[in-house]
Amino acid sequence: MPRIVSARVIVTCPGRNFVTLKVECDDGTTGLGDATLNGRELAVASYLEDHVVPCLIGRDAHRIEDIWQYLYKGAYWRRGPVTMSAIAAVDTALWDIKGKIAGLPLHQLLGGAMREGCMVYGHANGATIEDTIEAALDYQRQGYRAIRLQSGVPGLASTYGVSKDRYFYEPADADLPTENMWSSEKYLRSVPPLFAAAREALGWDVHLLHDVHHRLTPIEAARLGKDLEPYRPFWIEDSTPAENQANFRLIRQHTTTPLAVGEVFNAIWDCKTLIEEQLIDYIRATVVHAGGITHLRRIAAFADLHNVRTGCHGATDLSPVTMAAALHFGLSVPNFGVQEYMRHTDDTDAVFPHAYSFEAGLMHPGDAPGLGVDLDEDRAATFPYKRAYLPVNRREDGTMHDW
Ligand code: GCO
Ligand code: MG
């Protein structure tokens, strides 16, 4: 049996911060797990270093489910993003190790490929509708079959989802949180014309997506869903905060626009009602923040019983280690829907050399044993941690609002 002899936390900032766990066994096999929690990175690094690593040494790396249960049930204080990201990092690293020892890519261990590749969606955004459409046409030319549309809101100085750079988007860009200004009224007026222009320019053979980023009340979300129905969106995402899962009952009663939610979820309990009552169509929980491959498979199996498909989060704050894990998972899970794909910086790609690739709108994790991702530790050491916060958001009268 491969005995765990060390587990190290590596923090690096090749354009943005990443926390990675590297587990090593007595036979020399190593595995990687992503533990990045945007804006709260060092909390997870400490949770791992101070509270998880001491419990791992000497354990049999093959006993993935047992170690998962040991860390989850053994914490007593269950769930939460910090705990579940730390457990995810251990779980992902152990699956990587198992794949390397078996000499098989991870998707083979998960049941084998069910499809040629994972359909991914790219991010088209711009300050104006014209700029966003131009970016979307560019994605369409590159072969994307699904495109997310985000545009600046007339009357608001800035909004989420609109980047300074054409392909690279990173909202956590300040040493202390930037303050943004928000108006749901202005926003709600701006989205239907964006979708109308997009259908006109891009046609009907491409999937169009949109992220509301938790900004609306349930009844406002219902109105947006109705307003967008003529343009047949693939989904609207995080249309209202989901701490209260019952919120989605109201939205569901009013619109046939498909609903996606869950990038901030960390356990199956966060989506139990949403899935059981078929209040959503896509679950966005992802490997790194929802307890790793072991727990995400459980969520997906439960979702499959209720006609809910996967649509895993894949923003730039999810490292190439998570991207690879998500692609192995997506290739093998029966109820795969779509995978989000935001490109990393060249420096990030150089720190994490990887086997996954993009072709004709689909991504494939490659056939290297395990995850197919490495960490160049020497290069990582040249990019030290840099504190960076996500912005906060206020309404026009100064009241704090969801970001
Ligand atoms: C998305 C997300 C992100 C988040 C980011 C926060 O759908 O891609 O909403 O862009 O804002 O992951 O860290
Ligand atoms: Mg989102």
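## Getting started

Angles here are taken between N-to-C directions and run from 0 to 180 degrees, with each axis being a line fitted to C-alpha atoms, for helices over the stretch in contact. With that in hand, here is a first picture: helix H3 lies across strands S1, S2 and S3, and runs at about 145° to S3. Please keep in mind that this is a predicted model.

## The three-stranded sheet

The strands under H3 make a good place to begin. They form an open sheet of three strands in the order S1-S2-S3, with antiparallel pairing. S1 (4–12) and S3 (30–34) are the edge strands, each pairing on one side only. On average, neighbouring strands of this sheet are turned by 20° against each other, direction ignored.

How enclosed is S2? Seven of its eight residues are buried, so S2 is largely enclosed by the rest of the structure. As a general point, side chains in a regular strand alternate between the two faces of the sheet.

## Two hairpins

Let us follow the chain from strand to strand. S1 and S2 (residues 18–25) pair in the antiparallel sense over eight bridges. Within this pairing, valine 9 has leucine 21 in S2 as its bridge partner, and threonine 12 stands opposite phenylalanine 18. The two strands form a hairpin with five residues between them, and glycine 15 in the turn has a positive phi of about 110°.

S2 and S3 also run antiparallel, joined by five bridges. Here lysine 22 has leucine 32 in S3 as its bridge partner. Four residues separate the strands of this hairpin, in which glycine 28 takes a positive phi near 90°.

## The nonpolar core

Next comes the largest nonpolar core, which has 122 residues; Leu48 and Tyr187 touch the most other members. Helix H3 (residues 81–102) gives the largest share of this core, nine residues. Where does the core lie with respect to domain 1 (4–105) and domain 2 (109–368)? Both domains give residues to the core, so it lies between them.

Leucine 48 deserves a closer look. Leaving out residues up to four places away in sequence, leucine 48 touches Val9, Leu21, Ala35, Val53, Pro54, Ala86, Ala89 and Val90. Two names in that list may be familiar: Val9 and Leu21 are the bridge partners met in the first hairpin.

## The magnesium site

Now we can turn to the metal. Which residues coordinate the magnesium ion (ligand 2)? They are Asp211 (OD), Glu237 (OE) and Glu263 (OE), at 1.9 to 2.3 Å. Along the chain, the donors follow the spacing D-x25-E-x25-E. Aspartate 211 belongs to strand S7 (residues 207–211), whereas glutamate 263 sits in the loop between strand S9 (259–261) and helix H9 (272–276), so the pair ties together parts that are 52 residues apart in sequence.

Are these two donors buried or exposed? With a relative accessible area of 1%, aspartate 211 is buried. Glutamate 263 also counts as buried, at 11% relative accessibility, because the cut-off for buried is under 20%.

## A threonine further along

Our last stop is threonine 310, which lies in strand S11 (residues 309–310). Threonine 310 is buried, with a relative accessible area of 3%. What is threonine 310 in contact with, leaving aside its neighbours within four places in sequence? Its contacts are Tyr282, Ile283, Ala300, Phe329, Val333, Asn335, Phe336, Gly337 and Val338.

Technical notes: Residues are numbered from 1 along each chain as its sequence is written. Chains are lettered from A and ligands numbered from 1 in the order in which they are written. This is a predicted model: local features need pLDDT of at least 70, side-chain atom pairs count only at pLDDT 80 or more; totals for chains, interfaces and linings use all residues. Side-chain values use heavy atoms; hydrogens and water are left out. Buried means under 20% relative accessible area, exposed over 50%, partly exposed in between (1.4 Å probe, protein chains only). Contact means heavy atoms within 4.5 Å. A nonpolar core is a set of buried Ala, Val, Leu, Ile, Met, Phe, Trp, Tyr and Cys residues joined through side-chain atoms within 4.5 Å. Domain bounds come from an automatic or database domain assignment. Two strands pair if DSSP finds at least two bridges between them. Donors are N, O and S atoms within 2.8 Å of the metal (3.2 Å for Na, K and Ca); water is not among the atoms, so sites may look incomplete.
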